[in-house]
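I opened the file to look up strands, helices, rings and charges, in that order. My notes follow the display.

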Amino acid sequence: MESDDDYVVLSSHEEYLVNSKSTVPLSLLLCSWDNVEGPKILASWHIKTSRLENDILRTVASLTLSSELSFEVPPTLIKSKYYLLNEQQVCIYAMVFSVESSQRCAGNGIHSLSFILSSRSICLQWIQSVPFDEYLRFIVRSLRVHIKTNLNYYSALGYLSSEFKQFVRYFEDLLDNACTKVEIEDTFLHSDRPPEVTFLRRAIASHLMTSSRTVVIGKTEEKINLMVRTLAVFSSDDEINATCRLAIPYSNYGFCPFLAIQGIICEEPKLEVIDLKLVLRSSYPLTVVNMATREVYQTPLIHEQRPKAWQFWKQSVQTLWLDGAPHDPGCATEYFLPFENPDNLVLCFLSEVSLLRVLPAANIPIYNYVKHFLMLLNKKAKSLIMHAEALRKMDPSCIISTEVLRKDLSIPTESDFFIILSRAERFYKDFDTLVFHSSQSYST
């Protein structure tokens, strides 16, 4: 992306135009409620080649804020909204929030930050994904502090300009390299030369334990993308379309915080290619699979990652208040730990898949067996939810022992338990807080 971006002061608001090779509409809109003017546009950011018309911007401002006139937004609440404008062929994902000390306009402190994208299918799936929602919430939480500490919005607009430029890069990346469909024939599950079984088992097990969020790094496109597609078979088609990115040669795309599965080609595949600050923007854990060294690493699992991410944001906010340097969380090599724990679920899965490859007479497609395996995980996850809820009802203040849960549900290993726990998050939001944190939740 080029650096000669444009800054324009319009009669109604400030506008920023960013260079991009993409011609697909993408805009960011910051608005506030004014008691005299109503919904008021403070600033907008656009890709230079696909700027949206002012009428669309005014429509978005009205949609996101007009219904909030009689609604008092609590200081800590970030309210998400989604709209699809068929006539204008755009979709909108907005966050509504309040800033108590804002004095720029005579209003109630209510603001909205809206991403406006093309309504093509990949964009629709993208902005409705959980990683995207979490990414945008982090931006809004930080933006709120910028507005409070600088009442003329100078700091806030500078912060959003930086974030939008980075977002445009992610946007280009996903459009160029999205993994839209996975065929079993293009994965290690069907390959005549799969990697060493222990390595593949660790990669799949850790991927399933870390909420299906994995970065695959290596030197060659073929091996990286084989692993990316292999891990993607454990996700739904919509999840693959929205949050799965293949690796391509001669690109400088790095780690993207709101993609679930992504490949990165690098000359020296090592953990340092992952920006830890971006990892800690998410409350979900992450796996790193190194195809060059056959090593698997993972962050702390979700019950530990959530409070660590929350603490990182609090420390980042503190530096904003003090107008200090950005908070440095340290090095990725100190945060990621090698994953070598054995499990039974993935071991049995890979054993069955290998039999299906050598016994074609069984006439059971590997794809169907993968679906059966996921149904088995879902069934175990729902059983875990029901049992944990029953224990919590019996004694709301009790500390639920994972050993008791494993024993009661006949889960043989700790890795198996966390695979099932991660799967349970799909059916019960913040399920880990029910098990590990009886009275504290880290969601906003």
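Entry 1, the hairpin. I began with strand 5 and strand 6, which form a hairpin with 4 residues between them. In its turn, Q89 has a positive phi of about 60°. The model is predicted, and I read all that follows with that in mind. I then looked up the pairing: strand 5 (residues 79-85) and strand 6 run antiparallel and are joined by 7 bridges. On the other side of the lookup, strand 6 pairs with strand 7 (residues 110-118), again in the antiparallel sense, over 9 bridges. I took C91 as a reference point. C91 is the bridge partner of L84 in strand 5, and L117 is the bridge partner of C91 in strand 7.

Entry 2, cover of strand 6. How many residues of strand 6 are buried? I found 9 of its 9 residues buried, so I noted the strand as mostly covered. I sorted the side chains by direction. V90, I92, A94, V96 and S98 point one way, while C91, Y93, M95 and F97 point the other way, and all are buried.

Entry 3, rings. I listed the aromatic pairs and got 21 for the structure. I picked out Y93 and F132, an edge-to-face pair with 5.8 Å centre to centre and 80° between the planes. Y93 belongs to strand 6 (residues 90-98) and F132 to helix 3 (residues 130-149), so this pair ties together parts 39 residues apart in sequence. Both Y93 and F132 are buried. Following the ring pairs onward, I reached a cluster of Y93, F115, F132, Y135, F167, Y170 and F258.

Entry 4, charges over rings. I noted the charged end of R141 over the ring of W313, 5.2 Å from its centre. I also noted K382 over the face of F427, at 4.9 Å from the ring centre.

Entry 5, salt bridges. The count came to 13. I looked at K277 and D275, whose side chains meet at 3.6 Å, N to O. K277 is partly exposed, with a relative accessible area of 37%, and D275 is partly exposed as well, at 31%. Next I checked E425 and R306, which meet in a salt bridge at 3.7 Å, N to O. E425 lies in the loop between helix 14 (414-424) and helix 15 (431-436), and R306 in helix 9 (residues 302-321), so the pair ties together parts 119 residues apart in sequence. Are E425 and R306 buried or exposed? I have both down as buried. Then I took R406 and E403, a salt bridge at 3.4 Å, N to O. R406 and E403 both lie in helix 13 (residues 402-408), 3 residues apart, about one turn of the helix. R406 has 16% relative accessibility, under the 20% cut-off, so I entered R406 as buried. Salt bridges that share partners join R306, E425, D430 and D432 into one network.

Entry 6, helix 12. I checked the length of helix 12 (residues 366-394) against expectation. At 1.5 Å a residue, its 29 residues should span 42 Å, and the end C-alpha atoms are 42 Å apart, which agrees. I also listed the buried residues of helix 12: I366, Y369, V370, F373, L374, L377, N378, A381, L384, I385, A388 and R392. For reading that list I kept the helix repeat at hand: with 3.6 residues a turn, residues three or four places apart point the same way.

Key. Residues are numbered from 1 along each chain as its sequence is written. This is a predicted model: local features need pLDDT of at least 70, side-chain atom pairs count only at pLDDT 80 or more; totals for chains, interfaces and linings use all residues. Side-chain values use heavy atoms; hydrogens and water are left out. The expected span of a helix is 1.5 Å times one less than its number of residues. Buried means under 20% relative accessible area, exposed over 50%, partly exposed in between (1.4 Å probe, protein chains only). Rings of Phe, Tyr and Trp (its six-membered ring) pair if their centres lie within 6.5 Å; planes under 30 degrees apart count as stacked, over 60 as edge-to-face and the rest as tilted. A charge sits over a ring if NZ of Lys or CZ of Arg is within 6 Å of the ring centre and within 35 degrees of the ring normal. A salt bridge is a side-chain nitrogen of Lys or Arg within 4 Å of a carboxyl oxygen of Asp or Glu. Two strands pair if DSSP finds at least two bridges between them.
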